[in-house]
Amino acid sequence: MNIVIIPAFFQTKNRPTLGSFFLDQAKALRKAGHQVTILYCDTYSVKCTKEWLGYEEESASQIQGIQIYREKYFCPLKHGMEGYKEAFSKGIERLWEKHIKNQSVDMIHAHCCVWAGYAAMKLSEKTKVPYVITEHATLFQLHKDEISSANNVVIKEAFQKASKVICVSRAFAKLLEEYTDNIEVIGNVVDCEQFKTSDVTSKGHEGCRFLTVCYMEEEAQLYKKGIDILIKAWAKVASKYPQARLIVGGGGKALEKVVEWTKEYNVTESVEFLGALERPQVVEQMQLCDCFVLPSRYETFGVVYIEAMACGKPVIAVANGGPDDFVHEFNGILIQPEQEEELVQALEKIISAKEQQNSPYEPERIAAYVEEKFSYQAIAEQLEKVYKEEVICRKS
């Protein structure tokens with residue numbers, strides 16, 4: 001099949017891992033033998049003139065056989081939900097006219113309705129090519145009240161005209177039921193050839209190593225990922241287990257705030273900051289750690305947990321909707337939201353198990369679960385089923 005993917009956000013030279021799960025899904029489809037093209041439009045308002053002038057992204061590139069076309073588009077209105085809807089859609093249409101128009105496309109796959117789904121709807125109306133939307137955005141979980149009535153009408157229209165709406169978790173699917181009941185649950189994909197178990201482990205380290213990784217561009221991201229709760233809980237754990245270490249991966253303007261928290265709670269000696277990481281570095285750190293921990297307040301899915309599990313590591317996550325679908329007794333610990341003491345107990349359970357050398361978590365079993373549920377092959381097969389059902393339906 002010939003599939004065109006439209007992501008709502010995508011990697012840049014400065015943030016090469018942004019939207020990595022979109023690219024991974026494209027790789028999965030390409031690996032399954034499909035022709036895959038990604039169209040992406042970078043929109044800029046007057047407030048972003050400096051970024052507009054300094055734009056350095058390539059207009060055409062290839063990654064593992066996936067053709068990527070992108071361009072910048074000037075948005076004269078405010079650079080928010082209201083402002084860039086039409087600009088983004090027009091930019092995508094322009095890329096289609098320039099690069100895709102003469103191809104026979106079977107499916108348009110948009111990631112996030114705002115506004116990739118809207119752009120897909122407009123393209124579908126013009127080209128008669130069907131589209132599906134995979135929704136990832138915490139917008140519907142955290143900021144539903146910020147969606148204007150006018151935008152809500154457009155969002156509902158885009159969802160209802162889609163051949164299928166795909167959600168990455170069952171809890172998230174329930175949030176979208178007011179827009180449509182045509183929903184399929186398919187998780188995010190993980191590159192199990194890159195994220196995998198390794199003989200390189202943390203056994204050479206004296207204490208238990210916990211890893212957390214997230215973007216830290218804004219303090220709001222720290223709140224969303226529960227980093228404040230993690231540092232508070234870590235202060236209690238570190239005082240009891242001085243050999244334990246918390247490894248923090250991720251860079252951004254808000255990183256300094258986390259450094260301040262470690263000073264405030266007197267845990268600077270037991271917390272190590274790695275800064276921004278490339279994906280191979282993330283893999284390495286996951287293979288080195290004993291456990292991955294991220295007490296997010298909100299997750300529609302949480303691909304980073306799956307990546308750690310693919311490396312055979314147990315995870316500590318919050319029962320907030322996303323991780324509920326895949327964190328079980330054999331591969332990690334689910335705690336309740338905002339429960340600092342539960343987090344402390346979970347961290348101490350992992351430490352105790354390592355010290356007593358009786359961990360209930362089997363790396364091979366954890367990794368095998370991810371391979372079965374979230375590997376390139378597993379996700380590609382699920383997507384192919386959705387695509388083919390639409391093609392058969394149209395032909396009949």
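Here are some notes on a predicted model, covering three helix packings, two backbone oddities and a cavity.

1. Start with the backbone just before helix α4. Cys112 sits in the loop that runs between β5 (107–111) and α4. Its phi is near 85°, a positive value in a residue other than glycine. Most residues other than glycine have a negative phi, and most peptide bonds are trans. That makes Cys112 a good place to pause when you click through the chain.

2. Stay there for the peptide bond between Val114 and Trp115. Cis or trans? It is cis, with omega at about -10°. Trp115 itself belongs to helix α4, which covers residues 113–127.

3. Now see what α4 packs against. Helix α6 (residues 149–161) is a partner, with the two axes 9 Å apart and an angle of about 60° between them. The pair is therefore oblique, and α4 passes α6 in a left-handed crossing.

4. Which residues make the contact of α4 with α6? On the α4 side they are Cys113, Val114, Trp115, Gly117, Tyr118, Met121 and Glu125. On the α6 side you will find Asn151, Val154, Ile155, Glu157, Ala158, Phe159 and Lys161. By class, this contact has nine nonpolar, two polar and three charged residues. Note that Val114 and Trp115, the two residues joined by the cis bond, are both on the contact list.

5. Next, move along to helix α9 (residues 227–240) and look at how it packs with helix α10 (residues 255–264). The angle is about 25° and the axes are 10 Å apart. That makes α9 roughly parallel to α10, since angles under 35 degrees count that way. The crossing of these two helices is right-handed.

6. The residues that meet here are Ile227, Asp228 and Ile231 from α9, and Val258, Trp261 and Thr262 from α10. They split into four nonpolar, one polar and one charged.

7. Helix α9 also packs with helix α13 (residues 340–355). Their axes come within 9 Å and cross at roughly 45°, which means that α9 is oblique to α13. This crossing is right-handed too, as it is for α9 and α10.

8. What does α9 bring to its contact with α13? Ile229, Leu230, Lys232, Ala233, Trp234, Lys236, Val237 and Lys240. From α13 come Glu340, Glu341, Leu343, Val344, Leu347, Glu348 and Ile351. The residues of this contact divide into nine nonpolar, no polar and six charged. Lysines are on the α9 list and glutamates on the α13 list, if you want to pick out the charged ones.

9. Finally, how many cavities of 30 Å³ or more does the structure hold? There is one. About 40 Å³ of space lies in the largest cavity. Its lining consists of Ile229, Pro295, Ser296, Arg297, Val318, Ile335, Gln336, Pro337, Glu338 and Gln339. Five of these are nonpolar, three polar and two charged.

10. One residue links the last two topics. Ile229 lines the largest cavity, and Ile229 in α9 is also among the residues that meet α13. If you are new to this structure, Ile229 is a handy place to see both.

Notes. Residues are numbered from 1 along each chain as its sequence is written. This is a predicted model: local features need pLDDT of at least 70, side-chain atom pairs count only at pLDDT 80 or more; totals for chains, interfaces and linings use all residues. Side-chain values use heavy atoms; hydrogens and water are left out. On a 1 Å grid over the protein atoms alone, a cavity is a set of points where a 1.4 Å probe fits but cannot get out, and a pocket is an open set with protein on both sides within 12 Å along at least five of seven lines; lining residues have an atom within 4 Å of a point. Grid points are joined across faces, edges and corners, and a volume is the space filled by probe spheres set on the points. Ala, Val, Leu, Ile, Met, Phe, Trp, Tyr, Cys and Pro count as nonpolar, Asp, Glu, Lys and Arg as charged, and the others, Gly among them, as polar. Axes are lines fitted to C-alpha atoms, for helices over the stretch in contact, and angles run from 0 to 180 degrees between N-to-C directions. Helices (H or I, at least four residues) and strands (E, at least two) are DSSP runs, numbered from the N terminus. Angles under 35 degrees count as roughly parallel, over 145 as roughly antiparallel, 65 to 115 as roughly perpendicular and the rest as oblique. A crossing is left-handed if the near helix is turned anticlockwise from the far one by less than a right angle, and right-handed if clockwise. Contact means heavy atoms within 4.5 Å.
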